Amino acid sequence: MDLYEYQARGLFEEYGILVPRAEVTDSPRRAREIARGLGGRAVVKAQVKTGGRGRAGGVRLAADPAAAEHAARQILGMDIKGHTVRQVMLAQPVDVEAEFYVSYVLDRAAGRFLAIASAAGGTEIEEVAESRPDSVARVPVDPAEGVTCAKAAEIAEAAGLPPQTVDVLVRLWQVLVREDAVLVEVNPLVRTRQGQLVALDGKVTLDDNARFRQARWGEEKTEHGDALEAAAAVKGLHYVRLDGEVGIIGNGAGLVMSTLDVVAGCGARPANFLDIGGGASAQVMADGLSVILSDPAVKSVFVNVFGGITACDAVADGIVRALETVELTKPLVVRLDGNNAARGRAVLDAHAHPLVQQASTMDGAARRAAQLAHTS
Ligand code: GDP
Ligand code: MN
């Protein structure tokens, strides 16, 4: 889960990293008051979980409270890379002398962390890495050793950052470790004209495997515009609505992706992406079916399962039990293959349902589902 900038800023503050005074609101009128409280001038910043806000017009310097209200009015509701702005943060402006980039990111392949740092902060690091690769330092961090003062000094040195940044680098590492983050990024970390180091922006991605001890952040509020996607999200399903007529259920994201392609190859259009993953319990199958069947555009449903650790007969049992709770209103084509496929097919045959039919190959099943979608 990604945190908003204002949440990351709050964390940095807790760990003793300097941040500008700031407050969040969803109201332009309140923005005016906040700006007044900050001394008149304010940087008005869109709170969305994506970068490049500055370039998109989502970061504006307001010279007085009235200008802050005006800027907030313009930024609220703005769409930045598909994210709707619901809140703005007003921050006290600082006089920037130099902009740096510092981050720690989990390097899964190497089984350790990577410190990425640069004295050329401000713009997106990908661009700096492309145009001036030498100015971006990458220093591996052993998770067991962590970032000590000596390690921080090594990172600062490699990136050409002033020695002053050592303290921030150590504190930022503490944020990462103690908050179970897989990414912490400050861009820009600035040196002010008064000589202080201040984090002007912050990105923190928490490790979802540690959600059990992250109660303070609450449930992630997904910004679903689509009612079916919202309903699916509540049930914990990995569902994406598409605009076709063949409902799709599969186990494994890769299999579902290729199922979409095969259905499209048969001249039909997939109505959704739905990965029910391993396990494939009756409950998940029933939840998935009910979401798909409530899409009025759906004309047929294709269940494509490759039995692995969860064998096909277990999946077939799940389908049979799901059909006891969900009223099937559209034809269902099931293709079972892999572990215990024959037993799975036998289970479905034994519980014959007028709207359920089986196909032995993925292509055959997709053709059948496409035909049914066109004739029903
Ligand atoms: P991003 O575009 O989403 O990364 O948003 P940032 O929070 O990084 O803001 C974009 C840019 O606005 C920063 O790189 C800074 O150059 C600038 N900026 C933000 N706050 C201030 C401030 O208080 N003073 C000054 N001078 N510039 C700021
Ligand atoms: Mn930034």
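## Domains, a helix pair and a ligand site

The protein is divided into domain 1 (21-91), domain 2 (96-214) and domain 3 (226-375), with bounds taken from an automatic or database domain assignment. The model is predicted, so local features need pLDDT of at least 70 and side-chain atom pairs count only at pLDDT 80 or more, whereas totals for chains, interfaces and linings use all residues. Residues are numbered from 1 along each chain as its sequence is written, chains are lettered from A and ligands numbered from 1 in the order in which they are written, and side-chain values use heavy atoms, without hydrogens and water. Between the C-alpha centres of domain 1 and domain 3 there are 45 Å.

Helix α5 (residues 149-159) and helix α6 (residues 165-178) have axes that come within 9 Å and cross at roughly 120°. Helices here are DSSP runs (H or I, at least four residues), numbered from the N terminus; axes are lines fitted to C-alpha atoms over the stretch in contact, with angles from 0 to 180 degrees between N-to-C directions. Contact (heavy atoms within 4.5 Å) involves Cys149, Ala152, Ala153, Ile155 and Ala156 of α5 and Thr165, Val166, Leu169 and Val170 of α6.

Ligand 1 has 16 residues around it, of which Lys45, Arg53, Gly54, Val94 and Glu99 come nearest; a residue is near if one of its heavy atoms lies within 4 Å. The table gives polar contacts, pairs of N or O atoms within 3.5 Å.

| Side chain | Partner | Distance |
|---|---|---|
| Lys45 | oxygen atom of ligand 1 | 2.6 Å |
| Arg53 | oxygen atom of ligand 1 | 2.8 Å |
| Glu99 | oxygen atom of ligand 1 | 2.5 Å |

Notes:
Helices (H or I, at least four residues) and strands (E, at least two) are DSSP runs, numbered from the N terminus. A polar contact is a pair of N or O atoms within 3.5 Å; within protein, one must be able to donate a hydrogen and the other to accept it, and residues adjacent in sequence count only if both atoms are side-chain atoms.
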